[in-house]
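Hi,

Here is the structure I promised to pass on. Have a look at it first, and then read on for what turned up.

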Amino acid sequence: MKQTGNTILVTGGTSGIGRALAEAFHDQGNRVIVTGRRQRLLDDVTAGRPGLTGIALDLDDPASLPRVAADVHTRFPGLNVLIANAGISRAEDMSADGWDASTAQAIVDTNIMGVLRVTAAFLPLLKRNPHAALMATSSNLAFIPRADYPAYCASKAFLHSWLQSLRHQLRQVPVEVLELAPPYVQTALTGDSQAVDPRAMPLTAYVAEVMQLLFSGDHPNGEVLVERDRARRWAERDGRYAATFAAMNPG
Ligand SMILES: NC(=O)c1ccc[n+]([C@@H]2O[C@H](COP(=O)([O-])OP(=O)(O)OC[C@H]3O[C@@H](n4cnc5c(N)ncnc54)[C@H](OP(=O)(O)O)[C@@H]3O)[C@@H](O)[C@H]2O)c1
């Protein structure tokens, strides 16, 4: 990915990792479009940052994406980078009598279909523009699940597999396909306590390491893995899968 001079659209840009990435890319001299549902936060992110634009997008509303895609095609025909980052995370207890598949459905809709739909909406633009790249946010829970977040982990494992196929299919186009697989990071993804959990990686440190990996091209097989990701990513290869699963899922 080029360091500067890109036009980048970030889904899930109103908070957490998406917002921090949007600001870091903007600081590097890129034009950045942030999207999300919360207009107040879109206003907040873009305030005082010329070249950073906020557009409301609800991936769960079928009418929203076509509207945003048409707007972006008109106003930002040079779009060459898509960061499909929006996602939700919810715990589920499948042993409970009242368990149903509604939470899993919401996760599939946002984390899986949301990524596929934004890819379909913006790929035609990316293909037309030089130095094109698409980066989607999976998780290091794609590689070993936390059993209390079953559909969430499975949604990220889906993205890990799907991105490999997309990368292969786009190898001649060319659109660079990257997978961002964060470790546990201080954001409000699962609630306010995560944002201050000392066991989670500080957001600024995470994004600084990601930017360094992106700009140095240090992402073998398109996987953007920070140091903290590596133990889980390679647990199976290194014969530590069962022990790591047991440590993550006590009892
Ligand atoms: N933090 C971690 O520990 C961690 C670890 C691994 C992977 N990840 C992944 O990183 C990505 C970003 O998460 P985060 O940690 O930065 O949490 P976050 O602060 O909660 O960010 C989630 C973003 O997704 C957007 N979003 C959610 N549902 C949406 C929808 N239906 N339509 C449009 N936008 C939607 C939210 O914006 P609005 O609410 O304004 O719509 C928000 O900007 C997610 O894919 C998450 O799974 C996070």
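Which pocket does the ligand take up? The ligand's space is the largest pocket. Before you go further, keep in mind that this is a predicted model.

**The ligand**

The shell around the ligand holds 30 residues, and the closest are Thr 14, Ile 17, Arg 37, Tyr 152 and Thr 187. As for secondary structure, α1 (16–27) and α5 (150–169) are the elements that give two or more residues to that shell.

You'll probably want the polar pairs. Ser 15 has a polar side-chain atom 2.7 Å from an oxygen atom of the ligand. With Leu 59 the partner is the backbone: one of its polar backbone atoms sits 2.8 Å from a ligand nitrogen. Asn 85 also uses a polar backbone atom, and there the distance to an oxygen atom of the ligand is 2.8 Å. How much of the ligand does the protein bury? On its own the ligand exposes 870 Å², and 95% of that is buried by the protein.

**Ala 84**

Next, a residue in a strand. Ala 84 belongs to β4, which covers residues 81–84. Is Ala 84 buried or exposed? Its relative accessible area is 1%, so Ala 84 counts as buried. Leaving out residues up to four places away in sequence, Ala 84 touches Thr 11, Val 115, Val 118, Met 135, Ala 136 and Thr 137. There is also a long-range pair to look at: Ala 84 and Ser 138 are 54 residues apart in sequence, yet their C-alpha atoms are 9.5 Å apart in space.

**Asn 129**

The last one is in a loop. Asn 129 lies between α4 (102–128) and β5 (133–137). With a relative accessible area of 17%, Asn 129 is buried, because the cut-off for buried is under 20%.

What does the side chain of Asn 129 have for polar company? One of its polar atoms is 2.9 Å from the backbone oxygen of Pro 77. The backbone oxygen of Leu 125 is 3.1 Å from a polar atom of the Asn 129 side chain. If residues up to four places away in sequence are not counted, Asn 129 touches Pro 77, Gly 78, Leu 79 and Asn 80. Pro 77 therefore turns up both as a touching residue and, through its backbone oxygen, next to a polar side-chain atom of Asn 129 at 2.9 Å.

Cheers

Methods
Residues are numbered from 1 along each chain as its sequence is written. This is a predicted model: local features need pLDDT of at least 70, side-chain atom pairs count only at pLDDT 80 or more; totals for chains, interfaces and linings use all residues. Side-chain values use heavy atoms; hydrogens and water are left out. Helices (H or I, at least four residues) and strands (E, at least two) are DSSP runs, numbered from the N terminus. Buried means under 20% relative accessible area, exposed over 50%, partly exposed in between (1.4 Å probe, protein chains only). A polar contact is a pair of N or O atoms within 3.5 Å; within protein, one must be able to donate a hydrogen and the other to accept it, and residues adjacent in sequence count only if both atoms are side-chain atoms. Contact means heavy atoms within 4.5 Å. A residue is near a molecule or strand if one of its heavy atoms lies within 4 Å of it. Accessible areas come from the Shrake-Rupley method with a 1.4 Å probe; for residues, only the protein chains shown count as cover. On a 1 Å grid over the protein atoms alone, a cavity is a set of points where a 1.4 Å probe fits but cannot get out, and a pocket is an open set with protein on both sides within 12 Å along at least five of seven lines; lining residues have an atom within 4 Å of a point. A molecule sits in a cavity or pocket if more than half of its atoms lie within 2 Å of its grid points.
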